[in-house]
Amino acid sequence: MTAEAPPPYLAGLRLAGRRVVVVGAGRVLARRLGTLLDSGARLVVVSPQAAPPVRAVARAARLTWHERDYRLGDLAGAWYALACTDDPQVNAAVVAEAEAARIFCVRADDGSLGTAVTPASARDGQVQLAVLAGGDFRASRHLRDRLAAQLTAAGQPAAATLRPGTPRPSRSATED
């Protein structure tokens, strides 16, 4: 996000039963997979390859995986999209299709070029914490961790088990 751009409007998306298309199936999707599945979204992934966690979820039939490159039209019927490839041209094409169809789209390689951003998040039951730090995902992740720890230390009932939103073995950020 540039200094002149207004801040994003924070909203909780109700994705249950709605088509969500993710183009790319690497480490970014692997980090976000848990929260997307927990949302109840009908997850559709388009990518010629996939990270092991994505492959496992596809084998378990919890998402639909189109094992191929992105094509114009892949976002048809989507409510939300994520462009998560390592190819800036493909990500730009996904965002362009999404914008033309009025579908909010996260662009993982450069959040300022998408129409939505994913916050660093944590959740405990019905309590959710989301942090955006002007496009600085490391600052978002750090602040999210500090806030979650403070809520837990303060003995907030709903914060007793506050954890980062997407389970991952190493990193705890859900914003790129």
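In the predicted model, Val22 stands opposite Val45, a residue of strand β2. This pair belongs to the contact between strand β1, which covers residues 19-23, and β2, where the two strands run in the parallel sense and are joined over five bridges. Another of the facing pairs is formed by Arg19, whose bridge partner in β2 is Arg42. Between the two strands the chain passes through helix α1, residues 27-38, and the resulting β-α-β crossover from β1 to β2 is right-handed.

On β2 there is also pairing with strand β3, residues 64-66, to which β2 is joined by three bridges, again in the parallel sense. Here Val46 is found opposite His66 of β3. The connection from β2 to β3 leads through helix α2, which spans residues 52-59, and this β-α-β crossover is likewise described as right-handed. Strand β2 itself occupies residues 42-46, and because four of its five residues are buried, the strand is largely enclosed by the rest of the structure.

These pairings form part of an open sheet of five strands, arranged in the order β3-β2-β1-β4-β5 with parallel pairing. At the edges lie β3 and β5, the latter covering residues 104-107, and each of these two strands pairs on one side only. From one strand to the next, the twist of the sheet averages 15 degrees. Helix α1 packs on this sheet, where it touches β1, β2, β4 (residues 80-83) and β5, and the direction of the helix makes about 160 degrees with that of β2.

The covering of α1 can be followed residue by residue. Nine of the 12 residues of the helix are buried, so that α1 is mostly covered; the buried set consists of Val28, Leu29, Ala30, Arg31, Arg32, Leu33, Gly34, Leu36 and Leu37. Two arginines, Arg31 and Arg32, are thus listed among the buried residues of the helix, together with Gly34 and several leucines. The packing partners of these buried residues are β1, β2, α2, β4 and β5. Just after the helix, Gly40 adopts a positive phi of about 85 degrees.

Within the sheet, Leu82 offers a view of the surroundings of strand β4, in which this residue is placed. Leu82 counts as buried because its relative accessibility is 2%, which falls under the 20% limit for that class. When neighbours within four places in sequence are left aside, Leu82 is in contact with Val20, Val21, Val22, Val23, Arg32, Leu36, Cys105 and Val106. Of these partners, Arg32 and Leu36 are also among the buried residues of α1. Val106 is separated from Leu82 by 24 residues in sequence, yet the C-alpha atoms of the two residues are 4.7 Å apart in space.

Two residues other than glycine depart from the usual backbone pattern. Most residues other than glycine have a negative phi. Ala61, however, has a phi near 60 degrees, a positive value, and this residue is located in the loop between α2 and β3. With a relative accessibility of 66%, Ala61 counts as exposed. Arg102 likewise has a positive phi, of about 60 degrees, although it is not a glycine; its position is in the loop between α3, residues 88-100, and β5. The relative accessibility of Arg102 is 78%, and this residue therefore counts as exposed.

With regard to aromatic side chains, a search of the whole structure finds zero aromatic pairs. An aromatic ring does, however, take part in an arrangement with a charged group, since the charged end of Arg18 sits over the ring of Trp79, at 4.1 Å from the centre of that ring.

For the protein as a whole, four helices and eight strands are assigned, and from the N terminus onwards these elements follow one another as β-α-β-α-β-β-α-β-β-β-α-β. Buried residues account for 42% of the 176 residues. Among the contacts with a separation of 6 or more, 52% are made by residues 24 or more positions apart.

Terms used: Residues numbered from 1 in each chain as written. Predicted model: local features only at pLDDT ≥ 70, side-chain atom pairs only at ≥ 80, totals over all residues. Heavy atoms only, no water. Buried < 20%, exposed > 50% of the residue type's maximum accessible area, 1.4 Å probe, protein only. Pairing = 2+ DSSP bridges. Right-handed = clockwise from strand over helix to strand, strands pointing away. Phe/Tyr/Trp six-rings, centres within 6.5 Å; stacked < 30°, edge-to-face > 60°. Lys NZ or Arg CZ within 6 Å of the ring centre and 35° of its normal. Axes fitted to C-alpha atoms, helices over the stretch in contact; angles between N-to-C directions. Contact = heavy atoms within 4.5 Å.
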